[in-house]
Amino acid sequence: MKTFVENVLHARTGPMTTELVRHPADFGLGQVPTRLKPVSTTRSVCGFCATGCSLHIHLDANGQAINLSADGAYPVNLGMACPKGWEALTPLAASDRVTTPLLRNPQTGKLEPVGWSTALRVFTDRLKDVQQKHGPHSIAYLSTGQVPVEEMALLGALFKFGMGGLHCDSNTRQCMATAHVAYKQAFGFDAPPYTYQDFEESDVLVFVGSNPAIAHPIMWQRVMMNKNSPQIIVLDPRRTETAMAATRHVALRPKSDLFLLYGIAHVLVEENRIRRDYLDAHTTGFAEFATFLADYPPDRVAAETGIAADDIRQLARIIARGRAVSFWWTMGVNQGHESTRTAQAIINLALMTGNIGRPGTGANSITGQCNAMGSRLYANATSLLGGRDFAKPAHRAEVARILDIPEAHIPSQPSKAYDQIIDAIETGEIKGLWVIATNPAHSWINQGRFAQLREKLDFLVVQDMYATTETAQMADLVLPAAGWGEKDGVFINSERRVGLTRKVSAAPGQALSDFAIFKLIAEAWGCGDLFRRWSTPAAAFQILKDLSKGQPCDISGIRDHDHVEKRGGIQWPWTEADEASRGAAAETRGPTPSPDNQRRLFADGKFFTPDGRARLLFDAPRPMPEPTDASYPFLLNTGRGSSAQWHTGSRTNKSDVLRKLAPTALYVEIHPADADRLGIANNAPVVVRSRRGAADAFAVVTATVQPGQLFMPMHFDAVNRLTFPSFDPHSRQPSYKACAVTVDTGA
Ligand code: SF4
């Protein structure tokens with residue numbers, strides 16, 4: 001009889017592993033050649049950003065993807081897709097896909113192919129050896145918001161309940177930790193309240209540290225479809241593409257947003273432009289907040305932000321007069337040293353003006369990665385499965401019962417956050433690290449430190465589609481993983497919509513889905529019995545439903561994967577009672593807004609806190625961690641550079657089309673006055689230096705940045721040689737947006 005491992009490996013030689021009938025030039029570059037005319041079409045949600053667009057995937061006779069187009073009958077993207085979506089299949093055919101496990105040969109120092117059996121034996125032997133020598137919590141993993149919920153839930157359960165690990169985190173710490181904590185503290189649960197229809201229904205939209213025209217182009221299209229001639233206000237130090245298109249750009253000083261938001265709140269109170277009835281009925285903490293705001297009059301806030309006192313008053317009045325005001329924030333807020341309180345200052349404005357729970361309103365965090373919301377609810381890292389709390393005995397008992405595992409397997413202590421895991425590697429507390437579908441050697445703040453820490457690890461294993469990432473190049477062992485399009489599962493997008501992503505292509509060589517790899521590891525580790533019910537992603541989805549029951553994110557009314565697709569995605573919550581009472585009426589799939597495919601939270605003014613009231617939370621602003629000085633006189637801002645690039649570029653750099661749409665080399669935006677003073681010409685080579693390292697770039701002389709400020713795109717690995725490691729104290733999210741640098745011609 002074959003072992004489970006042999007069965008899975010044998011299954012890989014079935015029909016889905018036949019050589020793909022395709023040529024890289026066939027992808028995304030226009031016409032489908034006659035020999036590849038599709039014979040059928042399926043749908044899959046895009047695997048890049050958290051917009052969660054649906055794509056039609058066109059298949060050949062073998063069920064293999066040959067091209068794609070945007071899905072017109074999906075309430076998210078309404079037939080649109082950004083360049084990354086149109087090129088989503090291309091990275092699968094990249095020549096540097098890792099097709100077998102790779103093990104570093106100690107003699108040659110090179111990664112060399114080995115079989116899965118060897119890889120699994122080395123994985124378990126080496127990590128168990130680390131645990132034996134240094135304790136059970138001396139191993140950790142860093143994962144991702146890019147894999148389906150079923151995979152991240154299985155990983156978190158395997159590591160904490162099966163392998164005896166405790167410390168794990170995900171790259172969602174770098175993008176969404178702040179929104180998670182801000183909502184949890186203010187609303188009692190990590191619950192973004194909105195639906196994308198709100199982009200079209202507001203008459204005032206306020207974007208704080210958010211550039212959707214580049215970072216979330218399909219959401220920006222939804223704003224452009226707004227028929228209310230809305231006022232669009234952008235609070236951002238940089239004149240971004242969104243700021244250029246706005247009706248009002250408020251170019252505040254970097255990291256002065258908390259002051260500005262308090263200044264606006266001060267005016268609302270002073271001029272009695274608040275919804276006192278709403279505050280009294282549905283919130284706590286307003287009296288204390290109003291007292292606190294007395295210290296933030298417009299004159300003081302003007303001195304801190306660089307925004308005139310009259311402009312601050314005008315902003316408050318525009319918000320107060322709005323019929324339906326929506327507030328949107330992204331990384332300009334989340335990636336700051338006081339990001340949680342800044343996000344909550346936005347939430348406070350929405351609560352004070354009663355702009356929540358109605359069409360066109362909300363304090364709305366726009367998520368980054370395709371499944372960051374799934375990670376926040378199910379990764380089993382910061383929160384116990386289903387948005388529960390590891391510290392609560394009742395929650396641990398509930399999860400143990402649902403999963404049919406001993407309660408003692410569920411830890412009661414919290415995991416270390418990403419930066420604390422890095423610190424623990426430095427101190428020798430963590431000696432074994434497993435990195436899954438992320439690239440910290442490129443993306444972690446002050447990345448040079450991550451590279452130095454490699455030598456402190458006894459064992460580094462990387463599980464990825466490519467062995468060419470900066471992190472995989474450092475690994476002792478590389479496990480070849482399938483990518484988006486090569487596996488099934490669900491993502492949860494920014495507006496809480498569960499969407500289905502499908503297997504439409506065979507993974508190359510011996511690469512396996514992350515789900516299959518976790519199952520193999522469970523067997524090799526000796527804890528496979530705990531995860532028998534997690535037999536397939538479809539079976540795991542049924543477990544996710546059970547875990548959600550009774551939680552704010554209840555999805556027990558969703559029948560299965562097919563139901564998700566048939567409905568055009570389903571926003572949580574969708575309970576069994578919802579399905580029983582409204583399911584039949586909600587079956588129609590299509591872009592037309594209906595109460596059941598465009599739902600928002602808190603229409604009844606009831607929040608998820610024990611008393612049902614939202615909390616107004618606040619703290620005094622704190623100084624910037626690394627201010628400028630005579631040696632480093634510029635503040636560096638980083639962010640998304642183009643809609644054709646995604647994060648560290650491990651996938652988007654594989655596409656000729658996307659590379660043509662994006663800058664080819666690292667650039668730095670500098671104001672003309674600074675460029676003149678320093679003798680820097682447009683397009684000239686320059687060197688940007690911080691106390692941590694230097695980056696070569698070419699200068700883009702432009703007034704998009706203010707004097708004394710620079711901007712560099714995050715997609716080039718040199719940028720995080722410069723960034724300063726500071727963290728929000730509540731969310732522990734890194735602050736990528738402001739560090740002190742200097743720039744010169746390098747002469
Ligand atoms: Fe839509 Fe985001 Fe995919 Fe672009 S990357 S197609 S905006 S989900």
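1. Start with Arg238: this arginine makes a salt bridge with Glu669, and the closest N and O atoms sit 3.1 Å apart. Bear in mind that you're looking at a predicted model. Across the interface of domain 3 and domain 4, 1 salt bridge is found. There are also 8 residue pairs in polar contact across that interface.

2. To get your bearings, here is how the chain splits up: domain 1 covers 4-93, domain 2 is made of 102-175 + 371-551, domain 3 runs over 193-366, and domain 4 takes 634-744. Computed between which points are domain 3 and domain 4 26 Å apart? Their C-alpha centres. On the domain 3 side, 21 residues join the contact, and domain 4 brings 25 residues to it.

3. Now the area. Domain 3 and domain 4 bury about 1700 Å² between them, with carbon and sulfur atoms giving 53% of that. Which three residues do the most on the domain 3 side? Ile214, Arg238 and Gln335 account for 35% of what domain 3 buries against domain 4, more than any other three residues.

4. Elsewhere, have a look at helix α3, residues 116-134. With 19 residues, α3 spans 27 Å from first C-alpha to last, close to the 27 Å expected at 1.5 Å a residue. Its buried residues include Trp116, Leu120, Phe123 and Leu127, and Thr124 and Gln131 are also among them.

5. What comes right after α3? Gly135 follows, and the phi of this glycine is positive, near 105°.

Technical notes. Residues numbered from 1 in each chain as written. Predicted model: local features only at pLDDT ≥ 70, side-chain atom pairs only at ≥ 80, totals over all residues. Heavy atoms only, no water. Helix = DSSP H or I, 4+ residues; strand = E, 2+ residues; numbered from the N terminus. Expected span 1.5 Å × (residues − 1). Buried < 20%, exposed > 50% of the residue type's maximum accessible area, 1.4 Å probe, protein only. Domains from an automatic or database assignment. Contact = heavy atoms within 4.5 Å. Buried area = accessible area lost by both parts, 1.4 Å probe. Salt bridge = Lys/Arg side-chain N within 4 Å of Asp/Glu carboxyl O. Polar contact = N/O pair within 3.5 Å; in protein donor to acceptor, adjacent residues only side chain to side chain.
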